[in-house]
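Work through the exercises below with the sequence and coordinates at hand. Each task is followed by a stepwise solution.

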Amino acid sequence: PTLLTHCPEALADAFRAADGYFYRSLSYLQVMRDTAPVGHEDINRNQIALSLALCENLFLMLVQQRAALNAAYASLQDLGGLGAVLEALRVPTPAEDAPVVKKKGKKSKAKAEKDKAAKP
């Protein structure tokens with residue numbers, strides 16, 4: 001949910017839809033777990049067990065992806081905070097500190113020749 005506050009609206013909509021599918025999958029998995037012991041006469045016990053194991057594994061992958069996304073977002077938040085701290089602690093280089101001073105003096109040869117050619 002915190003992630004959605006920092007996303008563009010189109011991306012936030014996609015995350016909300018994915019979140020809806022996640023919870024829908026969770027409810028389907030619960031129905032499968034409840035009905036697996038009863039089974040069906042057209043499907044043998046081995047097929048039911050394999051199907052349930054497949055769905056459990058796919059759901060585990062969903063949970064792991066969500067955990068990875070959450071960890072990546074937390075790292076991004078940490079990096080954002082670290083960037084602000086580093087910017088605050090940054091010491092300006094001598095070139096940034098020095099005032100800009102225009103030197104008065106002789107013109108460069110190229111500039112002098114250009115000025116001479118421009119005058120009639």
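**Exercise 1.** Find the volume of the second largest pocket and describe its lining by element and by class.

Solution. Step 1: the volume comes to about 180 Å³. A pocket here is an open set of points on a 1 Å grid over the protein atoms alone, where a 1.4 Å probe fits, with protein on both sides within 12 Å along at least five of seven lines; lining residues have an atom within 4 Å of a point. The volume is the space filled by probe spheres set on the points, which are joined across faces, edges and corners. The model is predicted: local features need pLDDT of at least 70 and side-chain atom pairs count only at pLDDT 80 or more, while totals for chains, interfaces and linings use all residues. Residues are numbered from 1 along each chain as its sequence is written, and side-chain values use heavy atoms, with hydrogens and water left out.

Step 2: the lining consists of Met32, Thr35, Ala36, Gly39, His40, Ile43, Gln47, Ile48, Ser51 and Leu52.

Step 3: helix 1 and helix 2 each supply at least two of these residues, and helix 2 gives the most, with four. Helices are DSSP runs of H or I with at least four residues, numbered from the N terminus.

Step 4: by class, five lining residues are nonpolar, five are polar and none is charged. Ala, Val, Leu, Ile, Met, Phe, Trp, Tyr, Cys and Pro count as nonpolar, Asp, Glu, Lys and Arg as charged, and the others, Gly among them, as polar.

**Exercise 2.** Which residues of helix 2 are buried, and against what do they pack?

Solution. Step 1: Ile48, Leu52, Phe59 and Tyr73 are buried (under 20% relative accessible area, 1.4 Å probe, protein chains only).

Step 2: these buried residues pack against helix 1, with contact meaning heavy atoms within 4.5 Å.

Step 3: on the other side, helix 1 buries Ala12, Phe22 and Leu29, and their cover includes helix 2.

**Exercise 3.** Which residues make up the largest nonpolar core, and which element gives the largest share?

Solution. Step 1: the core has six residues, namely Phe22, Leu29, Ala36, Ile48, Leu52 and Phe59. Such a core is a set of buried Ala, Val, Leu, Ile, Met, Phe, Trp, Tyr and Cys residues joined through side-chain atoms within 4.5 Å.

Step 2: helix 1 and helix 2 are the elements that give two or more residues; the largest share, three residues, comes from helix 2.

Step 3: not counting residues up to four places away in sequence, Phe22 touches Phe59, Leu62, Val63 and Arg66.

Conventions. Buried means under 20% relative accessible area, exposed over 50%, partly exposed in between (1.4 Å probe, protein chains only).
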